Amino acid sequence: MVEVLKSLEDLEVLMGDDGGAAIIDFWSPSCGPCLAMAPHFEAVAEELKDEAIRFVKINTATQPALAQPFNIHSVPTMLFVHNGEILDVRVGALPGAALAKKAQWLLKKSRGESFLSRLFRS
């Protein structure tokens, strides 16, 4: 499920110490690449609906105050966050497969899975 953030309070919860894993898509309805990527974003969110990851959209045209703290200058821009820490930023549209791969990467990070932890798992 894709969530639409419209308040600073919701953003503060999302970016809090217990905010969990989330992909935040900053977009605008006048942005062609944003509109082209939207179905892929929704498909990956649906695919991972049972996982501990949130898919969040922020419309920069109607909610510029929510984009301002992150210095968003281009859309689409996606933030990959865990418990308030920005782990990666991607500017530009991502194809569905690339987005799914980044979502899996974020899930592994949020679970504390690293190369070494996978290597020495018993």
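The following exchange walks through a predicted model, in which local features need pLDDT of at least 70, side-chain atom pairs count only at pLDDT 80 or more, and totals for chains, interfaces and linings use all residues. Residues are numbered from 1 along each chain as its sequence is written, and side-chain values use heavy atoms, with hydrogens and water left out.

Biologist: What is the order of the strands in the open sheet?

Modeller: Strands here are DSSP runs of E with at least two residues, and helices are runs of H or I with at least four, both numbered from the N terminus; two strands pair if DSSP finds at least two bridges between them. Strand 1 (2-4) and strand 5 (85-91) each have a single partner strand, so they stand at the edges, with one side of each left without a neighbour in the sheet. The pairing is mixed, the twist averages 25° from one strand to the next, and the order of the five strands is 1-3-2-4-5.

Biologist: Which residue is the bridge partner of L79 in strand 5?

Modeller: Strand 4 (residues 77-82) pairs with strand 5 in the antiparallel sense, over six bridges. Two residues lie between these strands in their hairpin, where N83 takes a positive phi near 50°. Among the bridges, V81 is matched with I86, while the partner of L79 is V89.

Biologist: Which strands does helix 4 touch as it packs on the sheet?

Modeller: Contact means heavy atoms within 4.5 Å, and angles run from 0 to 180 degrees between N-to-C directions, the axes being lines fitted to C-alpha atoms, for helices over the stretch in contact. The direction of helix 4 (residues 96-110) makes about 20° with that of strand 4. The strands that helix 4 touches are strand 2, strand 3, strand 4 and strand 5.

Biologist: How do helix 2 and helix 4 lie to one another, and which residues of helix 4 make the contact?

Modeller: The axes of helix 2 (residues 32-47) and helix 4 come within 9 Å and cross at roughly 40°. That makes helix 2 oblique to helix 4, since angles under 35 degrees count as roughly parallel, over 145 as roughly antiparallel, 65 to 115 as roughly perpendicular and the rest as oblique. Helix 2 contributes H40, F41 and V44 to the contact, and helix 4 contributes G96, L99, A100 and A103.

Biologist: Why is the disulfide of C31 and C34 called right-handed?

Modeller: A disulfide is counted when a pair of cysteine sulfur atoms lies within 2.5 Å, and by this rule the count comes to one. The sulfur atoms of C31 and C34 are 2.4 Å apart. The disulfide is right-handed because the torsion about its S-S bond is about 80°.

Biologist: Is the peptide bond from V75 to P76 cis or trans?

Modeller: P76 is found in the loop between helix 3 (64-67) and strand 4, a loop that also holds N71, whose phi is near 55°. With omega near 0°, the bond from V75 to P76 is cis.
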